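Visitor: I have the sequence and the fold open side by side. Could you walk me through how the pieces fit together?

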Amino acid sequence: MDLTKASLLREMLTGTELGTRTTSFAHSLRRYTTRRGGLMLFGPPDDEPWHLTAHLDDELHRAGVEDVRPSLVRWAPPPDAPPHLAIGLDRLRDSGKGESLLIVSEANPADTLLERIEDVRRRGTTIFSIDNGNRDLASLSHESLVPELLVPDGLGSWTTHQVVPDRGDEVLADREPLPEETLTALQEAVAGFEMTQHLVSLAAADPDAGQAGWRRSLRTFIERIGGEPA
């Protein structure tokens, strides 16, 4: 899926659980990564998260956020790999507070992967995961996303739920029903790992992603009261 399609789908998902959770997850990644170069991505040896690393790097660079651009940690990088693809397991042993490790694992993680994650967590690094709901990985993660559990309710009628921050209630906004073939494509897209990774990478580049929650709420409030009168 290209950037334009991903951006349009993110806009359509605004207010749904998938849209809200992926945005919150991405903002937490930014907020808890306080050390420059402290965002690391890691996964199984046979399925390293190249895809998300590349998209995160592109989006953060495009947004001018250079201090949180990610590093792909590899199990056994070849000797002739370029610098950005030559980061090995030693990087995990050097991790610590102010850094974040994002695990992407579509299959159940092997014990060797879980052991590495546990070591990193013990050093004070914040653990995030995008996975299939594995209990062992969930127990090690400070925050998790399980794509297949985040398909929006009421997708058939494409109902969105928009949260009002200061009141905590929900305002429902109904849209026109979508064609059946469009719904099928959307359901397949939003339930998959690829779409979730696109949404996370886009949200990580939001201008207010690195701010604490109360700061975002205050900024929204100020923008509302400072708007031009109708």
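Guide: Happily! One definition before we start: axes are lines fitted to C-alpha atoms, for helices over the stretch in contact, and angles run from 0 to 180 degrees between N-to-C directions. Please also keep in mind that this is a predicted model.

Visitor: How are helix 1 and helix 8 oriented to each other?
Guide: Helix 1 covers residues 3-12, and its axis is 10 Å apart from that of helix 8. The two pack at an angle of about 85°. Angles of 65 to 115 degrees count as roughly perpendicular. Helix 1 and helix 8 are therefore roughly perpendicular.

Visitor: How do the residues of that contact of helix 1 with helix 8 divide into nonpolar, polar and charged?
Guide: Helix 1 contributes L3, A6, S7, L9 and R10. From helix 8 come M195, H198, L199, L202 and A203. Sorted by type, the residues of this contact between helix 1 and helix 8 are seven nonpolar, two polar and one charged.

Visitor: Are helix 2 and helix 8 parallel or oblique to each other?
Guide: Helix 2 spans residues 17-32, and its axis and that of helix 8 are 8 Å apart. They pack at an angle of about 55°. That value is neither under 35 degrees nor in the range 65 to 115, so by these cut-offs it belongs with the rest. Helix 2 and helix 8 are therefore oblique.

Visitor: Is the crossing of helix 2 and helix 8 left-handed or right-handed, and which residues make the contact?
Guide: The handedness of the crossing of helix 2 and helix 8 is right-handed. On the helix 2 side, the contact is made by L18, T22, T23, F25, A26, H27, L29 and R30. On the helix 8 side, the residues are T196, L199, V200, A203 and A204.

Visitor: How are helix 3 and helix 8 oriented to each other?
Guide: Helix 3 is residues 50-62 and helix 8 is residues 193-204, and their axes come within 8 Å. The axes cross at roughly 25°. Angles under 35 degrees count as roughly parallel. Helix 3 and helix 8 are therefore roughly parallel.

Visitor: How do the residues in the contact of helix 3 with helix 8 divide?
Guide: Helix 3 brings H51, L52, H55, L56, E59 and L60 to the contact. They meet E194, Q197, H198, V200, S201, L202 and A204 in helix 8. The residues of the contact of helix 3 with helix 8 come to six nonpolar, five polar and two charged.

Visitor: Now the sheet. What is the order of its strands, and which are the edge strands?
Guide: The sheet is open, has five strands and shows parallel pairing. Its order is 2-1-3-4-5. Pairing on one side only marks the edge strands, which are strand 2 (71-72) and strand 5 (143-145).

Visitor: Which helix packs on the sheet touching strand 1, strand 3 and strand 4?
Guide: The strand 4 in question is residues 126-131. The direction of the helix makes about 165° with that of strand 3. The helix runs over residues 111-122 and is helix 5.

Visitor: Over how many bridges do strand 3 and strand 4 pair?
Guide: One pair to look for is S100, whose bridge partner in strand 4 is T126. On its other pairing, strand 3 (residues 100-105) joins strand 1 (residues 39-42) over four bridges, in the parallel sense. Strand 3 and strand 4 also pair in the parallel sense, and the number of bridges is six.

Visitor: How many residues of strand 3 are buried?
Guide: In a regular strand the side chains alternate between the two faces of the sheet. Here S100, L102 and V104 point one way from strand 3, while L101, I103 and S105 point the other way, and all are buried. Strand 3 is therefore largely enclosed by the rest of the structure, its count of buried residues being six of the six.

Visitor: Is L113 buried or exposed, and what is its relative accessible area?
Guide: L113 is found in helix 5. Leaving aside neighbours within four places in sequence, L113 is in contact with F42, G43, P44, W75, I103 and S105. Buried means under 20% relative accessible area. L113 is therefore buried, with a relative accessible area of 2%.

Notes. Residues are numbered from 1 along each chain as its sequence is written. This is a predicted model: local features need pLDDT of at least 70, side-chain atom pairs count only at pLDDT 80 or more; totals for chains, interfaces and linings use all residues. Side-chain values use heavy atoms; hydrogens and water are left out. Angles under 35 degrees count as roughly parallel, over 145 as roughly antiparallel, 65 to 115 as roughly perpendicular and the rest as oblique. Contact means heavy atoms within 4.5 Å. Ala, Val, Leu, Ile, Met, Phe, Trp, Tyr, Cys and Pro count as nonpolar, Asp, Glu, Lys and Arg as charged, and the others, Gly among them, as polar. Two strands pair if DSSP finds at least two bridges between them. A crossing is left-handed if the near helix is turned anticlockwise from the far one by less than a right angle, and right-handed if clockwise. Buried means under 20% relative accessible area, exposed over 50%, partly exposed in between (1.4 Å probe, protein chains only).
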